[in-house]
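Colleague: Could you take a close look at the empty spaces in this model, and describe what lines them and which strands stand beside them?

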Amino acid sequence: MPINRVSTQKVSRVSVFLTDYLSMGLIGKVQSVWRYPVKSMRGEEMDEIFAGYGGVYGDRLFAFESSANSKGFPFFTGRDQRQMIRYRARFRHADKAALPANWHEGQKLSPTLTPISASTDDLMIDVETPDGKTFGIGDPALIEYLRANTSEKHDLTLLRSDKALNDCCPLSIFGVQTARKLGDETGVTVDKRRFRANVYLDLDSGDGFGEDSFVGKSLRLGSKVVVQVLQRDARCMMITLDPDTAEKSPAILKAVAQAHQGMAGVYAAVLSEGIIRKGDIVEVA
C-alpha cells in the first residue's frame, strides 16, 4: 500500500478519535436561566444567575406561610390561589440583586471564598398584581389581595431567607425537549414555564425526559459551576396552570403521572459555586 494512503488513513483515524474524545462529555447547552424572587409568583428570565450552595441568588427569597396548611409544607402557593402565579415580583435594585455583594472582590482573593448577600434594603421587592396594582413585599394590603377568593381561611405570614425557599433541592433543571414531548403526548401546547425551573437545557440528544439519565451524575454548566443531579422532580397540580392566565390543563399532569411516574425534570445540588449564563456549554463532569 502506498505510504501516502497509509498516512491518510492514520490521520483519519486520529481525527475521528479526537472528535469522539472531545465531544464525549458534551450533552447540550443552557437554553435559559430563571429565578423566582417570591415563591409561587412569576419568574424572571436572566442573562445569568449565580448558583450557590443554598440555591440561586435571589431565588425564592420570600414566601408566604399559611396557617391553613400543614406544618410539613406551610407555604401559600398557586395550589391555594391560582392567580398567585400571575403576580410579578421585581427587585427594586436589580443591579444589587444580580450577584452576591462581594462576589467579584472575593474571586480576586480566592475562588473558594464564601460570598455574602446584599442587605435587606438592597434586596427589597415590589409586587405587581394581575390588575396592575403595586405593593411592597411587606405591605399588609398584599396579603389581603392574595387571600381574596380562597376557599380556606388563610392567615398569612411573610417569610424571608437568604437560602432559597425551594420545595426540595437548591437547583431545578428541565430539558426543553421534555415540554415538547408532553405537548405531543397531550395535544396541548406546553409552555416550559409551567415547570418553574432555574435552568432549562437544550439537549443534543433531542430526547424528551433526557435529563432523567443524569441522575447520580455530575454536570458542569459553563466554566465553573458543577452540580450533582440527585433525583427526578415529582410534580403536582402547579404544572397544570397556564403561566399567563392561570387556567388549568389537567391533561398535562395526567400524562406525567401515567407515562412518566409523576416526574418531570430533575433536582441538583451545587458542588462548585459560580455564574451560569444563557448559552453555556453543559457537559458530564
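Modeller: What follows goes through the pockets, the cavity and then the strand pairing.

This is a predicted model, in which local features need pLDDT of at least 70 and side-chain atom pairs count only at pLDDT 80 or more, while totals for chains, interfaces and linings use all residues. Residues are numbered from 1 along each chain as its sequence is written, and side-chain values use heavy atoms, with hydrogens and water left out.

As a setting for the spaces, the protein has 5 helices and 16 strands, where helices (H or I, at least four residues) and strands (E, at least two) are DSSP runs numbered from the N terminus. Its C-alpha atoms fill a box of roughly 85 × 50 × 35 Å along the principal axes, and 47% of the 285 residues count as buried, that is, under 20% relative accessible area with a 1.4 Å probe and protein chains only, against over 50% for exposed and in between for partly exposed.

Rolling a probe the size of a water molecule over the atoms shows where empty space is left. On a 1 Å grid over the protein atoms alone, a cavity is a set of points where a 1.4 Å probe fits but cannot get out, whereas a pocket is an open set with protein on both sides within 12 Å along at least five of seven lines, and lining residues have an atom within 4 Å of a point. Grid points are joined across faces, edges and corners, and a volume is the space filled by probe spheres set on the points.

The largest pocket has a volume of about 390 Å³. It is lined by 22 residues, of which Arg60, Arg79, Asp167, Arg235 and Tyr267 are the closest to its centre. Strands β10 (171-175) and β13 (225-234) each supply at least two residues of this lining, which by class holds 9 nonpolar, 5 polar and 8 charged residues; here Ala, Val, Leu, Ile, Met, Phe, Trp, Tyr, Cys and Pro count as nonpolar, Asp, Glu, Lys and Arg as charged, and the others, Gly among them, as polar.

The second largest pocket holds about 260 Å³, and among its 21 lining residues Phe50, Gly55, Tyr57, Ser117 and Asp162 lie nearest the centre. Its lining divides into 10 nonpolar, 7 polar and 4 charged residues, with at least two residues supplied by each of β3 (48-52) and β4 (55-56). These two strands belong to an open, antiparallel sheet of 3 strands in the order β4-β3-β15, in which β4 and β15 (274-277) are the edge strands, each pairing on one side only. Two strands pair if DSSP finds at least two bridges between them, and β3 and β15 are joined by 4. Phe50, one of the residues nearest the centre of the second largest pocket, stands opposite Ile275 in β15.

As for enclosed space, the count is 1 cavity of 30 Å³ or more, and the largest cavity has a volume of about 130 Å³. Its lining comprises 6 nonpolar, 1 polar and 4 charged residues, including Trp34, Arg42, Gly43, Arg193 and Met238.

Elsewhere in the strand pairing, β16 (residues 281-284) pairs in the antiparallel sense with β1 (residues 26-35) over 3 bridges, where Lys29 has Ile281 as its bridge partner. Strand β12 (residues 218-221) also pairs with β16 in the antiparallel sense over 3 bridges, and there Arg220 stands opposite Glu283.
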